[in-house]
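Welcome! Here is a short briefing to help you find your way around this structure, topic by topic.

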Amino acid sequence: MEVGKDWDDSAMEVEVEAEAASGSPVPGGSARRLGLRNSIQTNFGDDYVFQIASCQEISTLAVSLSTNALKLYSPATGQYLGECTGHTGSIHEIAFSAPSSPQVLCSCSADATIRAWDTRSFKQISLLNGGPSHEMFSFSFGGTSGNLLAAGSNSKVLLWDWRSSKQVACLEESHMDDVTQVRFAPNQQSKLISASVDGLMCVFDTDGDINEDDHLLTVMNVETSVSKVGFYGNTYQKLWCLTHIETLSTWDWNDGTRELNIENARSLASDKWNLDHLDYFVDCHYSLPDDRLWVIGGTSEGTLGYFPVNNNDPAGAMGTAEAVLEGGHTGVIRTICPAVSSLESLGQNRGIFGWTGGEDGRLCCWRSDDVAATKKSWVSSSLVSRVEKKNRSRHQPY
């Protein structure tokens, strides 16, 4: 039976002491310790949780697993809702970003397809096929009229009109290796960013008849394989970039200039808390009201820290950990999905801070109310110790 199908606080949860923050992790600041609200064991043997996506409008949490399946849960209770199956290769990205409806979940995969699913019926409702040997690593909806779907593939950026399912462009001269990320700019929907294993990030204008001769605006050289990128800044004019060798850089993508290049990001972050050495970075988080950027890093034992990035101070480029998520995972964490309330602040409001998933097959829900005041956190009594398994590279992500 799927754990979480009938979530019952009194029957399925036991209280455990939470370690409240006591003093500063390092001189000059104290980290906010976040309590574990509940945890769901996915119970699929050796499976990983790859990515989590949430949709507030329909109160649904989607989870991609290493079984090539998508599982859906209630974010408030952990109740299992159902699953979507059909992909025959690893699912590389999922998102509730289809312009057509909040009920639609999209996913792209190593099987060369981008699929859309109706989360009410768990049925596939559309499919775009890139063709033989076109593994789909990333996708994004955008365009001036909102009709474009871009995908990153094997050294190519593919674009469709998602309304007609017609492919409108294939950009194959800008990258020489797998395109790991594609993102339309939030405030300039005609602008598309692509990033690749070849170390390049490209900016395209997608208005009109798209071609590389006329529509490639800027090329930025990160100089190493790019893992993940995202927009930040008060008009989203900046770009953060994480690489497969765990470096962090920030850019002004409009003029193509690099503003910050932190090659020793892991060691800098490790010095900014009193826990184990940081092994990897998972993501970045940006707060628009505060105009603040955090890089989120973790240990192989499953602890996460939120470290502020100081773009205007290269000497103090990374600050003391401001939030620590500890005690929920027993292995590498692959994904973080913030709750809507924490998109604007770092968990200052009471309620759910967000969800995490990882290589231990667990979904953990973190609460943002004050742990020091409650002195308690909660963890599902159904959690089991997992047998140590052979190590898989974290960076075979795509």
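**Gln-51 and its surroundings**

Leaving out residues up to four places away in sequence, Gln-51 touches Ala-62, Val-63, Ser-64, His-92, Glu-93, Ile-94 and Thr-335. Please keep in mind that this is a predicted model. Gln-51 sits in strand S3, which covers residues 49-55. One of the residues it touches, Ile-94, also takes part in a polar link: the side chain of Gln-51 reaches the backbone nitrogen of Ile-94 at 3.0 Å.

**The chain as a whole**

- The protein chain contains 4 helices and 30 strands.
- Of its 398 residues, 58% are buried.
- The accessible surface of the chain comes to about 16,200 Å², and carbon and sulfur atoms account for 45% of that surface.
- Taking the contacts between residues at least 6 apart in sequence, 49% join residues at least 24 apart.

**An open sheet**

- Four strands form an open sheet in the order S15-S16-S17-S18, and their pairing is antiparallel.
- Strand S15 (179-184) and strand S18 (216-221) are the edge strands, each pairing on one side only.
- From one strand to the next, the twist averages 15 degrees.
- S15 pairs with strand S16 (residues 191-196) in the antiparallel sense, over 5 bridges.
- If you would like a place to look in this pairing, find Arg-183, which stands opposite Ile-193 in S16.

**Nonpolar cores**

- In soluble globular proteins, nonpolar side chains tend to be buried together.
- In this model, the largest nonpolar core has 21 residues, and those with the most contacts inside it are Leu-248, Val-295, Phe-307 and Met-318.
- At least two residues of this core come from each of these elements: strand S20 (238-243), strand S22 (257-262), helix H3 (265-270), strand S23 (280-287), strand S24 (292-298) and strand S25 (304-309).
- The element that gives the most to this core is S23, with 3 residues.
- Another core, of 15 residues, lies apart from the largest one; among its members are Ala-95, Cys-108, Leu-128 and Met-136.
- Back in the largest core, Val-295 is a good residue to look up: setting aside neighbours within four places in sequence, Val-295 is in contact with Leu-242, Leu-248, Phe-281, Asp-283, Cys-284, Gly-305, Tyr-306, Phe-307, Val-309 and Met-318.

**Two loop residues**

- Phe-122 lies in the loop between strand S9 (113-118) and strand S10 (123-129).
- Why does Phe-122 count as partly exposed? Its relative accessibility is 24%, and the partly exposed class lies between the under 20% cut-off for buried and the over 50% cut-off for exposed.
- Beyond residues up to four places away in sequence, Phe-122 touches Leu-72, Leu-81, Gly-82, Glu-83, Cys-84 and Trp-117.
- Phe-122 and Val-104 are 18 residues apart along the chain, and their C-alpha atoms are separated by 9.7 Å.
- Glu-223 belongs to the loop between S18 and strand S19 (226-232).
- Glu-223 counts as exposed because its relative accessibility is 58%, and exposed means over 50%.
- Leaving aside neighbours within four places in sequence, Glu-223 is in contact with Gly-199 and Arg-258.
- From C-alpha to C-alpha, Glu-223 and Met-201 are 9.9 Å apart in space, with their positions 22 residues apart in sequence numbering.

Terms used: Residues are numbered from 1 along each chain as its sequence is written. This is a predicted model: local features need pLDDT of at least 70, side-chain atom pairs count only at pLDDT 80 or more; totals for chains, interfaces and linings use all residues. Side-chain values use heavy atoms; hydrogens and water are left out. Two strands pair if DSSP finds at least two bridges between them. Axes are lines fitted to C-alpha atoms, for helices over the stretch in contact, and angles run from 0 to 180 degrees between N-to-C directions. Buried means under 20% relative accessible area, exposed over 50%, partly exposed in between (1.4 Å probe, protein chains only). Contact means heavy atoms within 4.5 Å. A polar contact is a pair of N or O atoms within 3.5 Å; within protein, one must be able to donate a hydrogen and the other to accept it, and residues adjacent in sequence count only if both atoms are side-chain atoms. A nonpolar core is a set of buried Ala, Val, Leu, Ile, Met, Phe, Trp, Tyr and Cys residues joined through side-chain atoms within 4.5 Å. Accessible areas come from the Shrake-Rupley method with a 1.4 Å probe; for residues, only the protein chains shown count as cover.
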